[in-house]
Structures are given as C-alpha cells and as structure tokens.
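Trainee: I should like to learn how to read the surroundings of bound molecules in a protein model. May we work through an example together?

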Amino acid sequence: MSDGVGQSSTWQAVDAFLAEQLIGADSTLEAAAATSGTEGLPAIAVPPTLGKLLALLVHVAGARSVLEIGTLGGYSAIWMARALPEDGRLISLEANPHHAEVARTNLQGAGLASRVEVRVGPAVDSLAALASEDRPPFDLVFIDADRRNNPAYVSSAIELSRPGALIVVDNVVRDGRVLDASSQDPDILGVRHMLEALSQDPRVDATAIQTVGSKGYDGFLVAVVRQDDRMPRE
Ligand code: SAH
Ligand code: DHB
Ligand code: MG
C-alpha cells in the first residue's frame, strides 16, 4: 500500500512503539535474547508484546503450573516463569540439546533456574512421560514448536491440564498459508488438522487472533478447557 499502512515496516515500527510504551527496557530479557543470538539460535522467539501477553495470561489464570512445548533459548519461558508465584513451576520441552543448554543458561541468568525445568527430547516422548507421572494438572500450556505435531500437542495439552486451563498455540496463520486447503506442507497440515480437531472437540472452546508485528503476519490461538463435558479424571 502506497501510504505505508499495511506495510511490514509499519507493523514493525508500531510493534516497537507499543513495546517501548508498555514494556520498556528489560535487561534480563535483552541479555537472554543476546545470548541466544551469540549461540547461533534462530531469532524466532515470541516478540516482547506476545511474551507479555503470555505473562498476563499466566497471572490472570492464577497459574501455578505451566507447560511449554518449544523452549528455544528460554525467552518465552522467562516471561511466563516470572509471572508465576514463588512456588510455581514451568516445565518446558525442547528437542535440540544446544537450545536447551542455552535456555538453562538464560534462565539461570534470570534467577529462574529453580522455577523452570527444561526437558530435552522430542516433545511427543516427553509428553508421554509426563502423562505417566503423578503430578498436578497444568493451568496453562503454550505450544510453540514443530507445527506438524500440533494435533498431538493439543491433544496432550487437553489431557494434561485442568478444567478451565488455557492452551495457547503460536504461529497458526503463517502469512495466510493456513488457508491453503491443498497444501502438502506438513506444518500447514498440522495447523489445519489441529483446527479441525479443536472444532469437533467438546472438551475445549477456542478462538484465534491474526497478528502483524516484528515477526510479520501470523496469529495465535487460545483455547480454554471446559469445566464441564469433560472426561472424568482417574
Ligand atoms: N517458545 C520459544 C520459541 C520456540 S521456537 C520462545 O518464544 O522463546 C521452536 C522450538 O521448538 C525450537 O527450539 C525447536 O528446536 C523446538 N522443537 C522443534 N521440534 C521439536 C520437537 N519435536 N520437540 C520439542 N521441541 C521441538
Ligand atoms: C518462526 C516464528 C516462530 O514464532 C516460530 O515458532 C517458528 C518459526 C519464523 O518466523 O520462521
Ligand atoms: Mg512461535
């Protein structure tokens, strides 16, 4: 568009402006982002504006127990863990051992090492292990890993969380590619199959919001596990 509105440069400038107005400088998060860059991790963490939304959701949900799928360098984990109470816990699942190591360093630097556990391995395996553990259900789950596995991740998230829990899924729009019904891209198929499964699942209510900003045009999904219509827990 010729007036600049609707251009990616405008989205980035507005995202930066909103972050500056509402979030401001944060040496802990900036150090984590810098270390992740130095260590060669891709710059695909959530933007500060979404990081803060995750923290606000953790706060309003009164969450004590949070699950993350896709740790990268721990940027979103730092946002969420800081919003937990002192005895709250975040478990974050990461397949890449180097990413997990950088995340642990960043979480240590943020003073959150005791509140966050990073588990290394393919998330489907870690989720199966979590399901067999005797632990309280999660209050919030953030899914931000390989999108081809989103149907499995959402299914596990529902099983592992309490009635009323929130499930947030990043990257559900991807420049509008989610619309492509003939896509053979496993990541697009993963998002489409996840949406289809959610639409037919009486255990959850969901919506999705398109976003533009520093990471381009994308979107995130928010689902709530219903308080009723729920399979009884053993
Ligand atoms: N939530 C992070 C960004 C995650 S990027 C943040 O906002 O800071 C996606 C991460 O998912 C990457 O680190 C990638 O290694 C990890 N990942 C990809 N496939 C995975 C899998 N099958 N199991 C667990 N983690 C996976
Ligand atoms: C990208 C962005 C993400 O938020 C993510 O989780 C993975 C990839 C990207 O911009 O490529
Ligand atoms: Mg993401």
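Mentor: Let us begin with ligand 2, around which lie Ile44, Asp144, Arg147, Asp170, Asn171 and Arg174. A residue is near a molecule if one of its heavy atoms lies within 4 Å of it. The model is predicted: local features need pLDDT of at least 70, side-chain atom pairs count only at pLDDT 80 or more, and totals for chains, interfaces and linings use all residues. Residues are numbered from 1 along each chain as its sequence is written, chains are lettered from A and ligands numbered from 1 in the order in which they are written, and side-chain values use heavy atoms, with hydrogens and water left out.

Trainee: Which side chains have an N or O atom listed with an oxygen atom of ligand 2, and at what distance?

Mentor: A polar contact is a pair of N or O atoms within 3.5 Å. Here the side chain of Asp144 places an N or O atom 2.7 Å from an oxygen atom of ligand 2, and for Asn171 the corresponding distance is 2.8 Å. Arg174 has a polar side-chain atom 3.2 Å from an oxygen atom of ligand 2. On its own, ligand 2 has 300 Å² of accessible area, and the protein covers 71% of this. Such areas come from the Shrake-Rupley method with a 1.4 Å probe; for residues, only the protein chains shown count as cover.

Trainee: Which residues are the protein donors of the magnesium ion?

Mentor: Donors are N, O and S atoms within 2.8 Å of the metal (3.2 Å for Na, K and Ca); water is not among the atoms, so sites may look incomplete. For the magnesium ion (ligand 3), the protein donors are Asp144 (OD), Asp170 (OD) and Asn171 (OD1), at 2.0 to 2.2 Å. Their spacing along the chain is D-x25-D-N. Asp144 belongs to the loop between β4 (138-143) and α7 (150-160), while Asp170 is in strand β5 (residues 161-170), so the pair ties together parts 26 residues apart in sequence. Strands (E, at least two residues) and helices (H or I, at least four) are DSSP runs, numbered from the N terminus.

Trainee: Are Asp144 and Asp170 buried or exposed?

Mentor: Buried means under 20% relative accessible area, exposed over 50%, and partly exposed in between (1.4 Å probe, protein chains only). Both Asp144 and Asp170 are buried.

Trainee: How many residues surround ligand 1?

Mentor: There are 21, and the closest are Gly70, Ser76, Glu94, His99 and Asp144. The side chain of Glu94 has an N or O atom 2.6 Å from an oxygen atom of ligand 1.

Terms used:
A polar contact is a pair of N or O atoms within 3.5 Å; within protein, one must be able to donate a hydrogen and the other to accept it, and residues adjacent in sequence count only if both atoms are side-chain atoms.
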